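Please read this briefing alongside the sequence and the structure shown below. The notes begin with a sheet and go on to helix packing, the contact between chains and overall dimensions.

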Amino acid sequence: MDTELILKERVQRVRDAVSLKEPDRVPITPFSDIFFPALQAGMTHKQAMYKGRKYAKAAINTYSRYDWDLYPTLLFPGMGKLNDGLGATAIKWPGAANPEFCLGDNQPYQYIEKPWMEAEEYDELLKDPTGFLIRKIIPAQNASLKLMNSFPQISDMAMMFNGIGFFFFFISKDVKKLIKGYKKTLRSMIGGLMGMQSYAKKMKKMGNPVAGQFALSQAPFDMVSDTLRGMRGTMMDMYRNPEELKTICDRLVEPCLIAMDNSPLKLGDPDENSITLSFIPLHRGADGFMSNGQFEEFYWPSLVKLMEGMIKKDIIPMPFFEGRYTDRLEFLAEFAKQHKAKAVYWFHDTDIIKVKEMMGDHVCIRGNVPASLLVGGPPSAVEEYVKKSIEGCMEGGGYLVDGGVSGIPNEARHENVQAMTDAVHKYGVYRK
Amino acid sequence: MDFINEIVELNENNVNELVKKRLENNEDPLKIMDDVKKAMKTIGDKFSNKEYFLPELIMSGEILRQIFEALGPKLKDAHNSEKNKGKVLLGTVAGDIHDIGKDVVKFMLDANGFHVLDLGVDVPADKFIENLKEFKPKVLGLSGFLTLAYDSMKEIIEKLKSAGLRDSLKIMIGGGTVDERIVDYVGADAYGESAVDAVNLATKWMEV
């Protein structure tokens, strides 16, 4: 069959579902955890972090086995080299050159959460967030970028004489050395980057559309929690510095949106043979982390602003509600109602059939085959789960089948992923 | 408001003032500790009832830290040795460095009078076994956020079986992607969805 036709059919199927129209069949659109294709191809986690080209091949071979409607974007192949080059200190990964940050060859990378700034530094942060991130946080999280702590005020270049300071920064020996090192790192990553590009091309040639999921973003509260104050710090701020915390969450929204306009990854501007769903993995908003009152005061407002800003740019926000969001459904339903067919809600451990009943007329739902099934099986239990989900969620379109956490988990077994795929084709048909 | 309520309401400054005053009045620090324990129990109960969440647990932990600092280190030991509801060994399994869930479980077991030994994160099977032999707990709690944790948990429990340590022990598991189905997969006794479940399981098992 004509692969270009298949490509168009598949993309249209997903578009229909997102716009709350019934396609011919429920689409299956798995995201995949980074190491799933590597492990399927017999590579170690370490190899996946360093052998970008080989990883991209493994991804093509692994994913093209499955009859899906939208295929995962390749995230971060070759990140190991970039991390080594930057001297990353906020992440541990297999193969890290610095033993302090090195994990075993068969471990996935994991982020280190700690307060990168103290509560006393809020004033400084709020006066000039970009400057603070450049001069304080970037050097703290990247040992090779220590010099950034004296990075000149770039906007001074617009003023009389002051561009000279900027010039002098770049003629310093140490800065020259830094740039040389960075270039070397980038050169070593070319194989991986080429692999990434050829992945998308080859997949499309085979009729497999690749999701434009590189449009990553985060809830502003999570940015503060994950990368500035740590969760402990942020939660103490809710008591000790509530106004500062709310102000910084609010002020992070606009820079995130501007970054989407200027990104070389062309967010929100997919070609006609792809569809960009902007992945927003949520961390601290889940049930149990905070009360509904705290969610409403600290977490939700800046996230709503961010998603509304994306919708204005024709980007489809796809918040990933990791954990359980049963206590928050009223908030989610209200946003969906105000932005009909403009977002995709991806759920992990929330009852999606209940979600469908509550807000299925307003938002496309994605999920949520449990990781425990995709790893542990058996295939018959996977089939049963997918069948039940489809029956509960397919009416009127607006449902995409995917795994619950990270889509296909790293350790998923082929026979379970196959069973998930087969079940969609078996039970998901609206019309022949 | 009295001292216990000030702690429960997380009025940090008032608590510190009151501790200072009570020490100046030469009150027995053990009496202050009795009040602190009552307050922590109430905070734990409020967490179970979904009145309190993580920010409150973290703030109360911070207040507790300041009280200990004012009272001196000896009292912390006294506080620990009085735990009499039984011993629980806890840790995040090999390969996984996530600690939030485990720390909440620790807080809640602690507040409910269990003696908890927390081995931290990325704990290899052999370290669990070593500590089981020495600490002799009745309950083992295994935490993990990553899907990789399934096999780490399985390995620990298989090693416990070979070492003849499995039968005398109750094992509960929990965290991120862990669910009921993983209990059989790894050979544990029960899955806990929340820290409250962990307290209930431990309480039930200690009574047997």
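Two strands pair if DSSP finds at least two bridges between them, and helices (H or I, at least four residues) and strands (E, at least two) are DSSP runs, numbered from the N terminus. In chain B, an open sheet of 5 strands follows the order S2-S1-S3-S4-S5, with parallel pairing. This is a predicted model, in which local features need pLDDT of at least 70 and side-chain atom pairs count only at pLDDT 80 or more, while totals for chains, interfaces and linings use all residues. Residues are numbered from 1 along each chain as its sequence is written, and chains are lettered from A and ligands numbered from 1 in the order in which they are written.

**The sheet of chain B**
- Strand S2 (115-118) and strand S5 (190-191) of chain B stand at the edges with a single partner strand each, so one side of each has no neighbour in the sheet.
- Strand S1 (residues 87-92) and strand S3 (residues 139-143) of chain B pair in the parallel sense over 5 bridges, and Gly91(B) has Leu142(B) of S3(B) as its bridge partner.
- Helix H6 (residues 100-111) of chain B packs on the sheet, touching S1, S2, S3 and strand S4 (170-174) of chain B, and its direction makes about 165° with that of S1(B); angles run from 0 to 180 degrees between N-to-C directions, and axes are lines fitted to C-alpha atoms, for helices over the stretch in contact.
- Helix H10 (residues 195-207) of chain B also packs on the sheet, touching S1, S3, S4 and S5 of chain B, with its direction at about 175° to that of S4(B).

**A helix pair in chain B**
- Helix H3 (residues 29-48) and helix H4 (residues 54-71) of chain B pack at an angle of about 175°, with their axes 11 Å apart.
- H3(B) and H4(B) are therefore roughly antiparallel to each other, a term used for angles over 145 degrees.

**Contact between the chains**
- In chain A, 25 residues are in contact with 20 residues of chain B, where contact requires C-beta atoms, placed from the backbone, to lie within 7 Å.
- H12(A) gives the most to the side of chain A that touches chain B, with 6 residues.

**Chain A overall**
- The secondary structure of chain A comes to 19 helices and 8 strands, and its C-alpha trace spans about 70 × 50 × 40 Å along its principal axes.
- Of the 432 residues of chain A, 47% count as buried, that is, with 20 or more other C-beta atoms within 10 Å of their own, these atoms being placed from the backbone.

Notes. Contact = placed C-beta atoms within 7 Å. Parallel < 35°, antiparallel > 145°, perpendicular 65-115°, else oblique. Buried ≥ 20, exposed ≤ 12 C-beta atoms within 10 Å, placed from the backbone.
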